[in-house]
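Ready for some practice in reading a protein model? Take a look at the sequence and structure below, then work through the exercises at your own pace.

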Amino acid sequence: MPVYKYTARDNKGKVVTGVVDALNDGNAVAILATKGLTVLGLEEKKGGSTKSRKAGKVPTDQLVMFTRMLATMVEAGMPLVQSLTALYEQTDPVKGRNLRAVLADVIGNVEKGNTLTESLARHPQVFDKLYVSMVRVGEEAGALPKVMADLAALRFSRRRPDFA
């Protein structure tokens, strides 16, 4: 994901500079605003993108939490890209760096018009065939929130069904 250099004014009027990693410039401004900063200048840092970084494994507890929260947001009527972006922003940049990298790619692909299923399938190290297949069924049946909630429950139980 891109890294942005910024110049901003804090609540006390002091001018500060720094860097922030964000999905896009609008997302960078929003992240800085939540920190009480008013952006004066913003520039994408050349060579600062982590988009090409291959994400590693995502811990089961993070995947379960992501799945549950996505189910809740979509059930509440929140648009998919907005839900994914909110989850990206709420994920810890250090502990959840692999999940953030995956979410950045998924968001980009969904924004380009790919289905959630297609976007998740690009990351088999995180979303196995069962997960992707269930999401496909949820999308096709118009029951994505229900399926995502079921997926979270399945993962949380730590007991994987034996389909062999």
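The three exercises below deal with one helix and its surroundings in this predicted model.

**Exercise 1.** Work out what span helix H6 (residues 129-141) should have, and compare it with the model.

*Solution.* Start with the length: H6 has 13 residues. The expected span is 1.5 Å times one less than that number, which gives 18 Å for H6. Now check the ends: the end C-alpha atoms of H6 are 18 Å apart, so the model agrees with the expectation. Just after H6 comes glycine 142, with a positive phi of about 70°.

**Exercise 2.** Find which residues of H6 are buried and which are exposed on the other side.

*Solution.* First, list the buried residues of H6: Tyr131, Val132, Val135 and Gly138. They cover an arc of only 120° around the axis, so they lie on the same side of H6. Then turn to the other side of H6, where Lys129, Glu140 and Ala141 are exposed.

**Exercise 3.** Place Tyr131 in the largest nonpolar core.

*Solution.* Begin with the core, which has 28 residues; Phe66, Leu84, Leu116, Phe127 and Tyr131 touch the most other members. Next, see which elements give two or more residues to this core: helices H2, H3, H4, H5, H6 and H7. H4 gives the most, with seven residues. Finally, look around tyrosine 131: beyond its neighbours within four places in sequence, its contacts include Leu63, Phe66, Leu120 and Met148. A general idea to remember is that in soluble globular proteins, nonpolar side chains tend to be buried together.

Notes
Residues are numbered from 1 along each chain as its sequence is written. This is a predicted model: local features need pLDDT of at least 70, side-chain atom pairs count only at pLDDT 80 or more; totals for chains, interfaces and linings use all residues. Side-chain values use heavy atoms; hydrogens and water are left out. Helices (H or I, at least four residues) and strands (E, at least two) are DSSP runs, numbered from the N terminus. Buried means under 20% relative accessible area, exposed over 50%, partly exposed in between (1.4 Å probe, protein chains only). The arc is that of the directions from the helix axis to the C-beta atoms. A nonpolar core is a set of buried Ala, Val, Leu, Ile, Met, Phe, Trp, Tyr and Cys residues joined through side-chain atoms within 4.5 Å. Contact means heavy atoms within 4.5 Å.
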